[in-house]
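User: Hello! I am new to this structure and would like to learn what its labels rest on. Could you take me through them?

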Amino acid sequence: MKRLFSILAITGLMTFGNVQAQDSTQAAAPATEQVADTTATEATTDEAAATTEETVAEEATFTQSMKKRFIEGDPIWMSPVLLCLILGLAIAIERIIYLNLSTINTKKFVSDVESALNSGGIEAAKEVAKNTAGPVASIFYQGLERSSHGLESAEKSIVAYGGVQMGQLEKNVSWVSLFIALAPMLGFLGTVIGMIVAFDQIESAGSMEPSLVAGGIKVALLTTVFGLIVAMILQVFYNYITAKIDSIVNDMEDASISLVDMLSDYFKEKLNK
């Protein structure tokens, strides 16, 4: 009997110990998982920060490299290329601002002028044109101003002043085109002269040593690279400007036809009355 109680007691102790051990293991598991999750999150954050730092470092390295390469070029040839870039961008930005300020809602403007012409006559239409900016409004004002001399005089005034406004739109654009052509030409010229200097060094030394010609060839190639970069940058601005001018000119032509039609109808109604 005592042996039976002893066996039961030992069995109970072993069972209770196993339950406690399982509970302890289950309680420790979430804590371990939480620590592992925290470690993984910190590792991911560190990796993201490292990636960001590498990206910034690469960008800074690229910028610094471009500056270094520009400085390494011969100032005699790099300065004119830089001047082409500065002047070309200045003219291009000025033209872009001017063209954007010259752009209006042509359909709404023509509708407003027509309404003013039908309700208040020539003077009311002139007032609408006078208070509106842009070449289209200027053409309308000149046409309405000369309408007192007849429809034919108004048409001639519209055509003549349209040419004047086109000249204003295209003002200084040819300079941008010049800088686009001039920048790579200066770069190529610097390249050719740099190569000549390199061969002169070879001739003077009497031997073909890479260290003698490496500097001259590098400077020669740098002038070409930066000349081409300047030309590509200015070409983008030039194409935008020409496209904008074409759009405004088309609006001017369409609006001029509408103005002639409006004046023709206005004079016909006036004669019928």
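Analyst: Gladly, and let us begin with one definition: a residue is buried under 20% relative accessible area, exposed over 50%, and partly exposed in between, with a 1.4 Å probe and protein chains only. This is a predicted model, where local features need pLDDT of at least 70 and side-chain atom pairs count only at pLDDT 80 or more, while totals for chains, interfaces and linings use all residues. Residues are numbered from 1 along each chain as its sequence is written, and side-chain values use heavy atoms, leaving out hydrogens and water.

User: Why is Glu145 called partly exposed?

Analyst: Glu145 has 34% relative accessibility, so it counts as partly exposed.

User: What makes Lys126 buried or exposed?

Analyst: Its value decides: Lys126 counts as buried because its relative accessibility is 12%. Glu123 is exposed, because its relative accessible area is 55%. Over the whole protein chain of 273 residues, 27% count as buried.

User: How do you know which elements the protein chain has?

Analyst: Helices are DSSP runs of H or I with at least four residues, strands are runs of E with at least two, and both are numbered from the N terminus. The protein chain has seven helices and zero strands. Read from the N terminus, the order is α-α-α-α-α-α-α.

User: Why is the contact of Glu145 and Lys126 called a salt bridge?

Analyst: The term asks for a side-chain nitrogen of Lys or Arg within 4 Å of a carboxyl oxygen of Asp or Glu. In the pair Glu145 and Lys126, the closest N and O atoms are 2.7 Å apart, so the pair meets the definition. Glu145 lies in helix α4 and Lys126 in helix α3, so this bridge ties together parts that are 19 residues apart in sequence. In general, side chains of opposite charge can pair when their charged atoms come close.

User: Which other salt bridge does Lys126 form, with Glu123?

Analyst: Glu123 and Lys126 meet through their side chains at 3.7 Å, N to O, which also fits the cut-off. Both residues lie in helix α3, three residues apart, about one turn of the helix.

User: What makes Lys156 and Glu152 a salt bridge?

Analyst: Their closest N and O atoms are 3.8 Å apart, so this pair is within the limit too. Lys156 and Glu152 are four residues apart in helix α5, about one helical turn, and both are exposed. As for networks, salt bridges that share partners join Glu123, Lys126 and Glu145 into one. The structure holds five salt bridges.

User: What makes a set of residues a nonpolar core?

Analyst: A nonpolar core is a set of buried Ala, Val, Leu, Ile, Met, Phe, Trp, Tyr and Cys residues joined through side-chain atoms within 4.5 Å. The largest one here has 29 residues, and those touching the most other members include Phe109, Phe140, Ile241 and Met262. Two or more residues each come from α2 (75–102), α3 (106–130), α4 (135–146), α5 (151–169) and α7. Helix α7 gives the largest share, ten residues. In soluble globular proteins, nonpolar side chains tend to be buried together.

User: Why is there a nonpolar patch on the surface, and which residues form it?

Analyst: Patches are made of residues with over 30% relative accessible area and no salt bridge; nonpolar side chains (Val, Leu, Ile, Met, Phe, Trp, Tyr) are joined within 5 Å, and like charges within 9 Å. Ile93, Ile97 and Leu101 form this patch, with about 310 Å² of accessible area together. Ile93 sits in helix α2, and its relative accessible area of 44% makes it partly exposed.

User: Which residues form the negative patch?

Analyst: Asp and Glu count as negative, and Lys and Arg as positive. Glu114, Asp261, Asp265 and Glu269 form the negative surface patch. Helix α7 (residues 210–272) gives the most, with three residues. Asp265 is found in helix α7 and is partly exposed, because its relative accessible area is 44%.

User: What is the phi of Asn172?

Analyst: Asn172 is not a glycine, yet it has a positive phi of about 70 degrees. Most residues other than glycine have a negative phi. Asn172 lies in the loop between α5 and α6, and counts as partly exposed at 31% relative accessibility.

Methods: Areas by Shrake-Rupley, 256 points an atom, 1.4 Å probe, with all protein chains shown as cover. Charge placed at Lys NZ, Arg CZ, Asp CG, Glu CD.
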